[in-house]
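Trainee: Can we go through the terms for this model together? I'd like to see what each label rests on.

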Amino acid sequence: MTEQDFTPKSYTSKVESGSVKWESPSNIALVKYWGKRESQIPENPSISFTLSNCKTITEVTYTKKEGTDFSFDVIFEGEKNAAFKPKIQTFFERVEGYLPFLRDYHFKIETSNTFPHSSGIASSASGMSALALCLMSIEEQLTKNVIQSESEEFQNFNSDFFNKKASFIARLGSGSACRSIEGELVVWGETKSISDSSDLFGVKFTENVHPNFQNYQDAILLVDKGEKQVSSTVGHKLMYGHSFASKRFEQAHENLAELKEVLTNGNQKRFIEIVESEALTLHAMMMTSIPYFILMKPNTLQIINKIWEFRQSTGSNICFTLDAGANVHVLFPEDEQKKVYEFIKSELVAYCQNGHYICDTVGKGAKKLA
Ligand code: DP6
């Protein structure tokens, strides 16, 4: 598919007003997206587990209006929020060619997260995907309202198209958001080993996932709940002219190809190696860019060392991954849940800010709410 496939021919809307509501989860990358080109095109492919408890719930109420400016209000956790407006304004500008109704309505965007805003957990993936899904539901209403059910456009507006375009639109809000529409594993970025992969949207990983990797668990240890030291926009730019960039992008293709095999053959040892190496490589890229950053905190390293010790002494298949920050995602198989949570409570909680951590598990993707 190309960008043109996401440009609607026309809809002479007859809908005056309405409202739509979605919940959309966050995701955690196993092979990391780090580096992008113009129009949110990733420099390398990535794959993530879709999460289930960390999510954003967004309701968009739309009312027909006069004039051609964008018009919207953002209400975050019950209160009008001006701080989010510039990001949404930029998003609307980026996607208006694909959603031409955006200037015809006033939008009330009411949104909240199931995780604390100040937890240091990136809400852009869940937030942007939830908003993209709401806009897609509005487009669906406009499309289905004005065209005959037997027409080509109506037929083409099926759930596959809906999910692809929702992911395409979410990507233009935040790259990783395109991996939050579906579950349980999603690949984004064109790569040889995944036949239908695309730079434009995320695709569901459709290989048979080995039972070892089904219902995987993710305990998110909140080491530092402060504002991100480096925004992802700045972070991705650090890959321009980075000495190790081309090698890193190549490595992501290789790691993804191997992870595809591992996810189907159940090889936990290689899973751990690839996932932890990806996390450390992401941080290594930041430490070796100009300007350079250390996003891990002393407690991040304490936790990593404790995880290694625990794995060594118990034979557990626990491992860690990191986002572009200090928090640690502890990943482990479902059948180790009890012993890993005991370990977290007895050994790792001490390194979390105010003892906070979030228990999550792999999920099936976004859901439309009544
Ligand atoms: C380290 O998706 O937040 O979490 O496209 O600029 O919004 P933008 O970046 P974003 O980058 C996420 C980077 C990452 C790795 C990943 O999720 O793949």
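Mentor: Sure, starting with cavities: the structure holds one cavity of 30 Å³ or more. Before going on, this is a predicted model, where local features need pLDDT of at least 70, side-chain atom pairs count only at pLDDT 80 or more, and totals for chains, interfaces and linings use all residues. Residues are numbered from 1 along each chain as its sequence is written, and side-chain values use heavy atoms, with hydrogens and water left out.

Trainee: What makes a set of points a cavity?

Mentor: On a 1 Å grid over the protein atoms alone, a 1.4 Å probe fits at those points but cannot get out. Points are joined across faces, edges and corners, and the volume is the space filled by probe spheres set on them. By that reckoning, about 40 Å³ of space lies in the largest cavity.

Trainee: Which residues line the largest cavity?

Mentor: Lining residues have an atom within 4 Å of a point, and here they are Asn163, Ser167, Cys178, Ile181, Glu182, Val186 and Gly202. They split into three nonpolar, three polar and one charged; Ala, Val, Leu, Ile, Met, Phe, Trp, Tyr, Cys and Pro count as nonpolar, Asp, Glu, Lys and Arg as charged, and the others, Gly among them, as polar.

Trainee: On to the ligand. Which residues around the ligand come nearest?

Mentor: Tyr33, Lys36, Ser174, Gly175 and Ser176, out of 17 residues around the ligand. A residue is near a molecule if one of its heavy atoms lies within 4 Å of it. By class, this shell has five nonpolar, eight polar and four charged residues.

Trainee: What makes the Lys36 pair a polar contact?

Mentor: The term takes a pair of N or O atoms within 3.5 Å. An N or O atom in the Lys36 side chain is 2.7 Å from a ligand oxygen, so the pair qualifies under that cut-off. The Arg179 side chain has such an atom 2.8 Å from a ligand oxygen, and for the Asp323 side chain the distance is 3.4 Å. The protein covers 93% of the 460 Å² of accessible area that the ligand has on its own, by the Shrake-Rupley method with a 1.4 Å probe.

Trainee: Why is the ligand said to lie between domain 1 and domain 2?

Mentor: Because domain 1 (3-207) and domain 2 (215-361) both give residues to the shell around the ligand. Those bounds come from an automatic or database domain assignment.

Terms used:
Polar contact = N/O pair within 3.5 Å; in protein donor to acceptor, adjacent residues only side chain to side chain. 1 Å grid on protein atoms, 1.4 Å probe; cavity = no way out; pocket = protein on both sides within 12 Å on 5 of 7 lines; lining within 4 Å.
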